[in-house]
Amino acid sequence: MLEHDVLVIGAGLAGMRAAIAARAEGASVAIISKVHPVRSHSNAAQGGINAALTDRGDGWEDHAYDTVKGSDYLGDQDAIEVMCQSAGQALIDMEHFGVTFNRDDEGKLGTRAFGGQRRARTFFVGDFTGQAMLHVMFEQLIKSGVRRYEEWFVTGLIEEDGRVCGVTAIEIRTGQVFVIRSKTVIFCTGGLGRLFEPSTNALIVTGDGMALAYNAGAQLMDMEMVQYHPTTLAGSGVLISEAARGEGAYLLDKNGERFMERYAPNMMELASRDVVSRAEQTELNAGNGVNGCVYLDCRHLGKALIMEKLSQIREIGIDLAGVDMITDTIPIRPGMHYMMGGIKTDVDGQTNLPGVYAAGECACVSVHGGNRLGANSLLDTIVFGQRSGVHAAQACRDQEYIEFDVEQAARREERRIQEVIDRPQNGDRIGSVRLAMGESMNRNLAVYRDEAGMLETMHDLQGLKEKYTRVPVDNKNRVFNTDLVFALELGFMLDCAETIAVSALERKDSRGAQARTDYPNRDDENWMKHIVTVKGEEGPEISYSPVSITRWTPEERKY
Amino acid sequence: MDVTFKIKRYDPEVEAPESYWQDFSLTLDDSATVLDGLIKIREEIDGTLSLRCSCRSAICGSCAMRINGHAGLACKMQVRLAVDDDNVIIIEPAGVMPVVKDLVVDFDMFWSKIMAVDPYLRPEGPEPDAEYIASNEAMLHLSGVTACIMCGACVSDCTVMEVDPTFLGPAALAKAYRFTADPRDGDAQGVSRDRLEALNGPTGMWDCTRCAECVEVCPKGVAPMDRIMALREQAINAGFDNTYGARHAEAFSSSLEHSGQLDELRLVPNTVGVFNLPVLLNMAPEALRALTHGKLPPIIHKKIENADRVRKLFRRVEDPDRS
Ligand SMILES: Cc1cc2nc3c(=O)[nH]c(=O)nc-3n(C[C@H](O)[C@H](O)[C@H](O)COP(=O)(O)OP(=O)(O)OC[C@H]3O[C@@H](n4cnc5c(N)ncnc54)[C@H](O)[C@@H]3O)c2cc1C
Ligand code: FES
């Protein structure tokens with residue numbers, strides 16, 4: 001029998017941090033991940049992690065204010081205070097774990113500037129901060145003795161008497177279905193970038209956890225808030241980090257002009273991401289781009305700086321677009337990047353379902369509100385990962401395992417999966433359904449939105465959901481059947497897509513990442529509230545949740 | 001661009017499984033990577049093709065495989081640059097590790113080597129309240145090693161592991177160096193010394209034959225072999241100079257320093273020990289064979305002309321400030 005007090009689903013930064021924290025509380029802990037932990041998407045984070053360190057004259061209140069303003073006043077200020085106050089210690093913990101952060105001349109941690117913040121408070125390892133942190137977190141996970149299920153794919157939650165008491169999962173290497181029992185579950189399954197095509201996100205980022213939780217009755221919040229990053233590479237849509245602009249790169253239109261002057265005269269290229277992406281899209285719509293792209297210009301930064309601090313993204317430009325940023329400008333455009341919304345939690349990671357927690361990109365605390373500041377997400381993962389780990393472990397102490405028929409649960413899931421495999425070979429292919437969804441989402445739920453477009457996507461999604469019930473799985477065997485995994489992921493993606501479209505249609509104002517051409521202004525009187533979706537009989541049902549305001553009254557946002 | 005992917009496949013679930021080759025013809029954009037091609041095959045032609053991939057940008061370490069005979073990341077290699085004159089590209093799973101299915105190999109052995117080097121920071125002494133103070137140079141140097149994404153390309157093409165799977169191998173040794181070179185990890189008399197002592201044993205740092213294949217195939221510029229050489233230096237400096245490897249290095253360099261050329265005849269006894277009769281006797285048949293085939297090095301070892309200039313070179317390397 002596989003059973004653990006705390007089962008963490010997902011082994012990115014949030015998941016591993018949660019598992020280590022829960023273990024330190026004395027709980028028996030396991031972590032399960034569909035890829036080896038170091039392959040998790042956290043490794044893609046390039047630019048860095050924010051923290052206001054008081055010993056260099058920064059203050060957490062300043063960081064919190066920048067975050068609140070960045071969120072377009074949709075972020076919950078009580079949660080933002082928790083995050084920014086904990087940031088210093090969380091960062092120092094990472095350094096003590098072994099992360100090789102770049103240093104300043106005195107040998108202390110060095111900083112770089114990032115968008116939407118008035119001070120340089122982003123700590124970094126070259127331009128592969130996420131990878132450096134993820135591998136170190138894995139080292140600590142090894143040390144902690146947490147049980148690891150690597151390359152296991154969670155397919156469903158098991159509920160008994162209204163309480164989640166375990167999961168079903170496929171061991172990908174053998175294709176066998178297992179039940180893992182647990183007293184508490186922490187979702188740390190990351191974002192949902194692959195709902196969009198193109199996206200900066202890795203192929204495994206498919207919203208599984210959000211969909212699993214949603215289908216079990218969890219509330220999702222802020223699902224309309226999808227971040228488009230201003231600098232994604234032409235073609236593949238791979239990210240060129242904000243670190244480039246943090247180090248001083250320019251954005252140029254086809255005439256070589258720095259157009260940000262007209263949109264954010266003070267912060268220029270380092271305004272908030274939503275602001276910069278809208279500026280680019282406006283320029284592109286006005287015909288000031290080339291082949292759907294504007295340019296990122298790093299040439300004046302010089303070879304030495306680029307080699308020391310931006311070498312990985314230089315390689316990406318060379319490998320994927322054939323341009324060398326030392327000598328060339330890079331064609332870029334806004335591209336889907338991050339999900340502000342997710343499973344609604346409190347500051348301890350607790351969801352509306354007893355025993356179920358969430359942290360990291362799959363969760364919505366909400367510290368990012370309408371728009372996440374660059375380098376606040378890594379911070380979010382380690383702060384709330386740790387808090388949910390501690391809390392879930394403590395909640396297990398006076399909790400017994402819930403009894404249920406494990407064999408039967410395994411058999412039922414095994415049968416459901418066999419049915420998926422056994423589908424006839426005549427439906428649309430998995431890849432084509434995903435592509436149709438991704439293109440529709442990217443057409444109508446991107447930088448600018450309007451009702452007609454979003455209704456079109458709603459309609460597309462209905463059709464695709466119907467097709468989904470018939471997508472065939474080519475691979476009828478079990479060992480490392482990635483085809484089966486994709487089929488199951490596609491189902492999760494379609495569920496998430498629907499909640500995004502419904503929430504975006506519901507919000508009738510423009511705020512943060514949601515810019516509606518039919519409602520172009522922010523309307524605090526009616527829409528200063530979170531949109532919450534839960535699964536109903538006929539699809540997502542909507543309710544609202546108030547925004548927590550502690551000390552910063554909403555004002556107009558200028559950069 | 002019309003290309004043919006020639007892929008080595010393996011399905012463990014058929015009766016008497018055996019690898020076989022399968023060709024896929026497809027049309028790709030000029031900028032497509034090998035991974036783009038494989039994904040297209042999987043999505044549009046044959047969903048049974050199994051491979052690991054995720055980030056598409058050489059950071060997650062999932063997609064290492066052999067492309068035209070050498071290990072590399074499929075997402076980092078452009079098809080245009082990889083095809084031969086007939087627009088064919090040859091794809092095989094990574095080497096050394098056993099194949100699970102198609103291009104998916106079993107990483108258990110890879111990770112067990114990593115686990116064997118105590119792969120986490122082991123600081124000694126009181127922890128500072130704030131960060132450890134360290135120079136940016138030291139951290140940049142380490143970041144050059146921590147840039148390793150554990151893709152397994154070096155292990156795949158390691159010529160030692162191919163014949164001796166007990167060797168710790170390039171990835172694990174580079175990982176170990178990442179700690180022995182970290183100013184925050186243990187002190188010279190404690191943990192750092194223990195680490196070096198463990199790596200100094202059989203299957204450790206001295207088993208590398210310096211073929212440099214790992215340096216060649218590493219997609220992240222980690223240069224594992226260079227790290228192994230740095231470990232050797234650390235080990236000798238820490239006083240572990242009494243291994244075959246250390247003595248071999250010492251015998252090699254002292255012979256060169258004094259005569260300007262290698263004294264091959266004395267290399268072996270100086271390495272294994274002049275009084276190490278069992279090992280020396282073991283080598284006697286080989287020496288005899290060399291003798292009968294006229295391959296035995298000259299008994300009387302001569303200095304080369306200008307040997308003093310070689311000595312000067314040595315001095316300059318050892319103490320660059322003086323010269
Ligand atoms: C290109 C890029 C650059 C970025 N740069 C920055 C930056 O500089 N600074 C910053 O702060 N943020 C950055 N971000 C955002 C940040 O990296 C992510 O939001 C964050 O790392 C998410 O971490 P996570 O732990 O929540 O999820 P992830 O790291 O995505 O981990 C998710 C885990 O869940 C597992 N999982 C998912 N579904 C299942 C399932 N069904 N069964 C089993 N396991 C499952 C996966 O295997 C994985 O282990 C960037 C994002 C991208 C895409
Ligand atoms: S897909 Fe991540 S390294 Fe190639």
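A residue counts as buried here when its relative accessible area is under 20%. Keep that cut-off in mind, since we will use it at several stops. What you have open is a predicted model, and the tour starts with a helix in chain A.

**Stop 1: helix α14 of chain A**

Select residues 482–506 of chain A, which make up helix α14. Of the 25 residues in α14(A), 24 are buried, so by the under-20% cut-off this helix is mostly covered. Now put a distance label between its two end C-alpha atoms: they are 36 Å apart, and at 1.5 Å a residue the expected span is also 36 Å, so the two values agree. Before leaving, add N481(A) to the selection. This residue caps the N-terminal end of α14(A), with a side-chain oxygen 3.2 Å from the backbone nitrogen of D483(A).

**Stop 2: ligand 1**

Next, centre the view on ligand 1 and show what is around it. Ligand 1 is surrounded by 37 residues, and the closest are S40(A), S42(A), E361(A), S377(A) and L378(A). Three polar contacts deserve a distance label:

- S40(A): an N or O atom of its side chain is 2.6 Å from an oxygen atom of the ligand.
- A14(A): here a backbone N or O atom lies 3.0 Å from a ligand oxygen.
- R372(A): an N or O atom in the side chain is 3.3 Å from a nitrogen atom of the ligand.

**Stop 3: a small sheet in chain A**

Which strands of chain A form an open sheet in the order β3-β5-β4? Select 49–50 for β3 and 111–112 for β4, then 122–123 for β5. The three strands pair in the antiparallel sense. β3(A) and β4(A) stand at the edges with a single partner strand each, so one side of each has no neighbour in the sheet. Zoom in on the pairing of β3(A) with β5(A), which rests on two bridges. There, N50(A) has T122(A) as its bridge partner.

**Stop 4: an exposed proline**

Jump to P424(A), in the loop between α11 (406–421) and α12 (430–444) of chain A. Is P424(A) buried or exposed? Its relative accessible area is 53%, so P424(A) is exposed, the cut-off for that being over 50%. Beyond its neighbours within four places in sequence, P424(A) is in contact with R470(A) and P472(A). Add D474(A) too: it lies 50 residues from P424(A) along the chain, yet their C-alpha atoms are separated by 9.4 Å.

**Stop 5: the nonpolar cores**

In soluble globular proteins, nonpolar side chains tend to be buried together. To look at this model's largest nonpolar core, select V6(A), F5(B), V34(B) and L38(B), the members that touch the most others among its 144 residues. Helix α3 of chain A (residues 77–97) supplies the largest share of this core, with 11 residues. A second, separate core has 77 residues, including L7(A), F153(A), A358(A) and A446(A).

Return to V34(B) and show its contacts. Setting aside sequence neighbours within four places, V34(B) touches F5(B), I67(B), A74(B), M77(B), V79(B), A82(B), I89(B) and I91(B).

**Stop 6: a hairpin in chain B**

One of those contacts, I67(B), leads to the next selection. Strands β3 (64–67) and β4 (70–73) of chain B pair antiparallel over four bridges, and I67(B) is the bridge partner of H70(B). These strands form a hairpin with two residues between them, and N68(B) in the turn has a positive phi of about 50°. On the β5 side (residues 88–92), two antiparallel bridges join β3(B) to that strand. I67(B) stands opposite I91(B) there.

**Stop 7: helix α12 of chain B**

Select residues 264–272 of chain B, where L267(B), P269(B), T271(B) and V272(B) are buried. Their cover includes α11 (244–259) and α13 (277–292) of chain B. G273(B) follows α12(B) and has a positive phi, near 110°. At the other end, D263(B) sits in the loop between α11 and α12. D263(B) is buried, with a relative accessible area of 11%, and its contacts beyond four places in sequence are S255(B) and H301(B).

**Last stop: all of chain B**

Finally, zoom out to chain B, with its 14 helices and seven strands. Its C-alpha atoms fill a box of roughly 70 × 70 × 40 Å along the principal axes. Of its 323 residues, 49% count as buried.

Note on methods. Residues numbered from 1 in each chain as written. Chains lettered and ligands numbered in written order. Predicted model: local features only at pLDDT ≥ 70, side-chain atom pairs only at ≥ 80, totals over all residues. Heavy atoms only, no water. Pairing = 2+ DSSP bridges. Core = buried A, V, L, I, M, F, W, Y, C linked by side-chain atoms within 4.5 Å. Buried < 20%, exposed > 50% of the residue type's maximum accessible area, 1.4 Å probe, protein only. Contact = heavy atoms within 4.5 Å. Expected span 1.5 Å × (residues − 1). Polar contact = N/O pair within 3.5 Å; in protein donor to acceptor, adjacent residues only side chain to side chain. Near = heavy atom within 4 Å.
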